[in-house]
Amino acid sequence: MTQDEMKKNAAWAALEYIPRNTVVGVGTGSTVNHFIDALASIKHEISGAVSSSVQSTEKLIALGIPVLDLNSIDSFSVYVDGADEINAQKHMIKGGGAALTREKIVAAVAETFICIVDASKQVDVLGKFPLPVEVIPMASRSVSGELAKLGGRPVLRAGVTTDNGNVIIDVHDLQIIDPLMLEQQINNIVGVVTNGIFAHRPANMVLVGSADGTKVIK
Ligand SMILES: O=C(CO)[C@H](O)[C@H](O)COP(=O)(O)O
């Protein structure tokens, strides 16, 4: 079974956890693209979606799923998104698709975060995947200097501008022993919008697609 088939299995398994007649929070990425296909199969049973990126919004609309403004709702029950890495505490690294800030905003409003991944995303210690940090463009040099002081190797992601008009700095060679502390520490650097550690808002449930089926971790 290919990695993409495992992603697809995890994504379709998420349908079982979508309450009907509610708004659904939708993340970004190739796993989520499968989830949007799955969501389209029950589009008449949901009230619409809130989206974490222009990319997901375009796909949702193309498949006939109404996209609501996050500011038009107080809260919603379920947010479904992928991850680049996830540990046993359900802390994640996200932002491989450069959508981390909107993903964190939408996830913050959701009651439940369901993370959909293939088995390769499960790790003991976060940090092998370079940590994405969204940065205001004029601060990229100063922020890189501060990130280097934390022990990482910052690399500006070439040719990428986020949906918010910012740049992404990927921090290589980090061993993230304390995700809660590092998430806060990086967010305190002036010029950082947010970073891709999701520890203060971990997943509540993980659906792991593998060759042996989809495992549910609650
Ligand atoms: O955080 C993300 C986008 O910003 C994605 O969830 C993450 O990169 C995983 O992507 P994929 O499902 O394509 O493996």
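Before we turn to the structure, let me start with a term: a crossing of two helices is called right-handed if the near helix is turned clockwise from the far one by less than a right angle, and left-handed if it is turned anticlockwise. With that in hand, please look at the model, which is a predicted one, and find helix H2, residues 30–40, and helix H3, residues 54–62.

The axes of H2 and H3 are 10 Å apart, and the two helices pack at an angle of about 20°, which means that H2 is roughly parallel to H3, since angles under 35 degrees count as such. The crossing of H2 and H3 is right-handed in the sense I have just given. Which residues meet there? From H2 they are Val-32, Asn-33 and Ile-36, and from H3 they are Ser-56, Lys-59 and Leu-60; by character, the residues of this contact are three nonpolar, two polar and one charged.

Let us move on to the sheet. It is an open sheet of six strands with mixed pairing, and its order is E2-E1-E3-E6-E12-E13. Strand E2, at 48–51, and strand E13, at 213–217, are the edge strands, each pairing on one side only, and from one strand to the next the twist averages 25°.

At the E2 edge, strand E1, residues 23–26, runs parallel to E2 and is joined to E2 by four bridges, with Gly-25 standing opposite Val-50 in E2. H3 comes back here, for H3 packs on the sheet and touches E1 and E2, its direction making about 165° with that of E2. Elsewhere, helix H1, residues 3–13, lies across strand E6 (110–118), strand E12 (205–210) and E13, and runs at about 140° to E12.

Note on methods
Residues numbered from 1 in each chain as written. Predicted model: local features only at pLDDT ≥ 70, side-chain atom pairs only at ≥ 80, totals over all residues. Axes fitted to C-alpha atoms, helices over the stretch in contact; angles between N-to-C directions. Parallel < 35°, antiparallel > 145°, perpendicular 65-115°, else oblique. Contact = placed C-beta atoms within 7 Å. Nonpolar A, V, L, I, M, F, W, Y, C, P; charged D, E, K, R; others polar. Pairing = 2+ DSSP bridges.
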